[in-house]
Amino acid sequence: MTTLLPVDITTLGVRAETMLSELGSISSESQRLVRLFLTPEHRKAAGLVATWMREAGMTVSEDALGTVRGCWRPDKTKRLLIGSHIDTVIDAGKYDGPMGVVIGILAVETLHKADAELPFGIDVLAFGDEEGSRFRSTLTSSSACAGVFNRAALATTDSNGVTLADAIKAYGKNVDDIPAAAYDPAAVTGYVEVHIEQGPVLEAENLPLGVVTGIVGQNRMRVVVLGEAGHAGTVPMTMRRDALTGAAELILAIERIARENESDRMVATVGRIEASPGATNVIPGRVGFSLELRASTDALRLAALAQIKQDAARIAGRRKLEIAFEPFYETQTTACAPDIQDLLEQSVAALGVRTIRLPSGAGHDAQVMAKLCPAAMLFVRCRGGVSHNPAEFASEADMGLATAALFGFIKRLAAKQ
Ligand code: HGY
Ligand code: MN
Ligand code: MN
């Protein structure tokens, strides 16, 4: 293997920030970053990423779920996959997702400029649906690459009633081509995702980079509380079947259960709620709210879910309500590949930088790609641990180090083949 160019860490960090700022300007709203799956903004972002991939020496294709695939050294049968997502939450920061795509492109570009000869080729993947911000399904694009796409997701609808199947067609793709998106496991040597930590640990440790040990499992569902709408002025408090106060009691019970298990990294979030009929002088007869639950182990998470359902039954009985749980998403806690963790740690150490290993409280495409091949993640320090928020920030210096560490990882992986 030829000696590779010395990696100019400062320049790489500046370039990463410039690219992320350009990508971060592609939004469906002028005042905040919103880039949803299979929308015109996704198409525009995919076009920009494809241009960068070509400039870095890759040939570019797109699969049936809109994943942009930059292929470096297509002649190599074995493929190392590097990627992350380019969709965002509502009012997002510009690093969550795109950082892993941009740093992957910069690492491949550095290899390409050095005319590096490796025993494998590299595909950089820009997934379009990690956040699940448009459809209830999520991780659908990485699922297609991993060969675990659930066709039931095609029937999920967005807030305008558009199904995923229709959105795929409108994006110019064909659902019949989804099976062809799956990689052959025998052809894939591994998957690596560089991602902003989205938490406070690296900053608290004063470290730029961290190696991820595992990714938390999650349950996501909709909870529907049914009571009886009534006149706000004439129904005595003791005779009400108020769906909103019932939902409020259940939400506080959910919070209590999560707090009681906080030492096991349990978190429970109600991100959305709506009450109907939604008039000031009408007792709400129906409430729907979202619930997501995460914990360090699947057993703890499922035990907490059972406890929540018991509390719901007790509340419904006392308040004469009906409470239903409509699950729409579950992922298991996923361990990251130990061998890749070791190589990532060695690559960071080779930069003269101390690192730690830490779990991820956020979900990632890596937990789906782990069903295809050995998968691991490299975290980049996140200012204040703030993410899913426009204040999200990672420094050029840290992103330059992450690019150099990824580059070093690739060299180490090649040397082991
Ligand atoms: O919600 C998550 O954990 C990820 O950011 N989609
Ligand atoms: Mn996210
Ligand atoms: Mn993410």
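Which residues lie nearest the centre of the second largest pocket? Keep that in mind as you click around; this is a predicted model, and we'll start at the metals before coming back to the pocket.

**Stop 1: the manganese ions.** Select the manganese ion (ligand 2) and show its protein donors: Asp96 through OD, Glu131 through OE and His388 through NE2. They sit 2.1 to 2.2 Å from the ion. Along the chain, these donors follow the spacing D-x34-E-x256-H. Glu131 and His388 bring together distant parts of the chain, 257 residues apart. You'll find Glu131 in the loop between β4 (121–127) and α4 (140–146), while His388 is in the loop between β16 (375–380) and α11 (396–416).

Now add the manganese ion (ligand 3) to your selection. The manganese ion (ligand 2) is 3.5 Å from the manganese ion (ligand 3), and Asp96 coordinates both.

Switch on a surface if you like. Glu131 is buried, at 10% relative accessible area, whereas His388 is partly exposed, at 41%.

**Stop 2: Glu130.** Step back one residue to Glu130, which is also in the loop between β4 and α4. Here's something to look at: Glu130 is buried, yet has no salt bridge. The nearest side chain of opposite charge belongs to Arg220, 6.1 Å away; a salt bridge would need a side-chain nitrogen of Lys or Arg within 4 Å of a carboxyl oxygen, so this pair doesn't qualify. What does Glu130 touch, leaving out residues up to four places away in sequence? Select His85, Asp87, Thr138, Leu139, Gly363, His364 and Asp365 to see those contacts.

**Stop 3: the second largest pocket.** Thr138, one of the residues Glu130 touches, takes us back to the opening question. Thr138 lies nearest the pocket's centre along with Ser137, Ser143, Asn150 and Tyr329, and the whole lining numbers 18 residues. The pocket holds about 350 Å³ of space. Colour α4 and β13 (322–331) next, since you'll want both in view: each supplies at least two lining residues. β13 gives the most, with four.

**Stop 4: Ala404.** Finish in helix α11, where you'll find Ala404. Is Ala404 buried or exposed? Ala404 counts as buried, at 5% relative accessibility, because the cut-off for buried is under 20%. For a last distance check, pick the C-alpha atoms of Ala404 and Gly66: they are 28 Å apart in space, and the two residues are 338 apart in sequence.

Technical notes. Residues are numbered from 1 along each chain as its sequence is written. Chains are lettered from A and ligands numbered from 1 in the order in which they are written. This is a predicted model: local features need pLDDT of at least 70, side-chain atom pairs count only at pLDDT 80 or more; totals for chains, interfaces and linings use all residues. Side-chain values use heavy atoms; hydrogens and water are left out. Donors are N, O and S atoms within 2.8 Å of the metal (3.2 Å for Na, K and Ca); water is not among the atoms, so sites may look incomplete. Buried means under 20% relative accessible area, exposed over 50%, partly exposed in between (1.4 Å probe, protein chains only). Lys and Arg count as positive and Asp and Glu as negative; His and the chain ends are not counted. Contact means heavy atoms within 4.5 Å. On a 1 Å grid over the protein atoms alone, a cavity is a set of points where a 1.4 Å probe fits but cannot get out, and a pocket is an open set with protein on both sides within 12 Å along at least five of seven lines; lining residues have an atom within 4 Å of a point. Grid points are joined across faces, edges and corners, and a volume is the space filled by probe spheres set on the points.
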